[in-house]
Amino acid sequence: MFSFEVVPGALAKDILDSSVLRVVELVEDAYLRHADGHTINPDSYFLRFPDKPDARIIALPAFADLPAAPVAGIKWIASFPSNVRRDVPRASAVLVLNDYETGYPTALLEAASISAARTAASAAVAARALAVSLPGNGEVAVFGAGVIARAVLRYLAAVGYRMDRLRVFDPHADSADHLVRWAEAELGLVAARVASPSEALTAQTVVTATTAATPHLSRPLEAGQVALNISLRDFAPSVVLGAQNYLDDIEHCMKANTSPHLAEQQVGHRDFVTGTIADLLRGRALPDPGRGVLVSPFGLGVLDLAVGQHVLLTAREQRSALEVPDFFGETRRW
């Protein structure tokens, strides 16, 4: 009851890298459980800094009744885009898991890789479901050449989403070149850096994984084009209003000036929302091939719980989790 374990980042990453398809299964299951009311996913809470307007630290509390065991927890994730200039990752995170029976915290996990994995898996789950009606033609473009972009490409490849040729746009040319080389070596893609957004936007599948605080892409999506709006704020409201839109959770996504939230503010309604990712998975809101599709997963805390629980249980099975003796100062009331 009073044990407390720590899972370091290198261990978490090794577990995730060796279980990509299992992570996809867990994220898909979490979406369906969320749709069926077996989760609690409050609003995310944003800590912002007046002298660092592009930086934030976000708290994502959640509860999920998962197959292995019900679990509560919170992810505390920082996004400091200026880190890129220091050649370190933009995001850092920890995940605390709590025992549902007692409320006691049971584990602390370094969670940057967990967050990246659940984000990438959410994109892969949606893309695979969409491909039934809108199969990819192999042309893929990525905006932003960081950790998330790399993870999304890895997960798209794992679920068999068609990718033959990749275009990478990032204002930071060195980052774009790194992703190009990685995609060629690891995924066998024909990849190239492009010099302008317009060159990337002609791809059939577009992935946005940037740190953009406001929309910067206003070109309408074409018929049969799929955009995975991972970074949430890249597309102008006009693009949202002209597309079929799938969100991981409608209420959760209509906040914090995401692209769909800005569209809602502009028109005063949500009629442009086609459905949720769960609706798509269950065939209740299939896309029209004659229109473009925009998928905007805000990032549900229940996904972090599902992936984090998998990492913790695997670390325990491997006897690799680090137990912290006497973590709790008092274990009796009297």
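H310 lies in helix α11 of this predicted model, and its surroundings offer a convenient way into the structure. With a relative accessibility of 13%, H310 counts as buried, because the cut-off for that class is under 20% relative accessible area. Its side chain makes a polar contact with the side chain of S19, at 3.0 Å. When residues up to four places away in sequence are set aside, H310 touches I15, S19, R22, V23 and L26, so that S19 appears both as a polar partner and in the list of touching residues.

One of these neighbours, I15, leads to the packing of two helices. Two packed helices are described by the angle between their axes and by the distance between those axes. Helix α1, which spans residues 9–17, packs with helix α11, residues 301–317, at an angle of about 100°, and their axes are 10 Å apart. Angles of 65 to 115 degrees count as roughly perpendicular, and α1 is therefore roughly perpendicular to α11. On the α1 side the contact is made by L11, A12, I15 and L16, while α11 contributes V307, H310, V311, T314 and A315. Sorted by class, the contact of α1 with α11 holds seven nonpolar and two polar residues, with no charged residues.

A strand elsewhere in the chain shows another kind of setting. In a regular strand the side chains alternate between the two faces of the sheet. Strand β13, residues 244–247, is covered on both faces, with Q244 and Y246 buried on one side and N245 and L247 buried on the other. Strand β13 also has two strand partners to follow. With strand β15, residues 293–296, β13 runs parallel and is joined by four bridges, and within this pairing Y246 stands opposite V295. With strand β14, residues 273–276, β13 likewise pairs in the parallel sense, here over three bridges, and the bridge partner of N245 in β14 is V273.

A last stop is D65, which is placed in strand β4, residues 52–65. D65 has a relative accessibility of 35% and so counts as partly exposed, whereas H310 counts as buried. Leaving out residues up to four places away in sequence, D65 touches R33, H38 and P70. The C-alpha atom of D65 is separated by 26 Å from that of V324, a residue 259 places apart from D65 along the chain.

How values were computed
Residues numbered from 1 in each chain as written. Predicted model: local features only at pLDDT ≥ 70, side-chain atom pairs only at ≥ 80, totals over all residues. Heavy atoms only, no water. Axes fitted to C-alpha atoms, helices over the stretch in contact; angles between N-to-C directions. Parallel < 35°, antiparallel > 145°, perpendicular 65-115°, else oblique. Contact = heavy atoms within 4.5 Å. Nonpolar A, V, L, I, M, F, W, Y, C, P; charged D, E, K, R; others polar. Buried < 20%, exposed > 50% of the residue type's maximum accessible area, 1.4 Å probe, protein only. Polar contact = N/O pair within 3.5 Å; in protein donor to acceptor, adjacent residues only side chain to side chain. Pairing = 2+ DSSP bridges.
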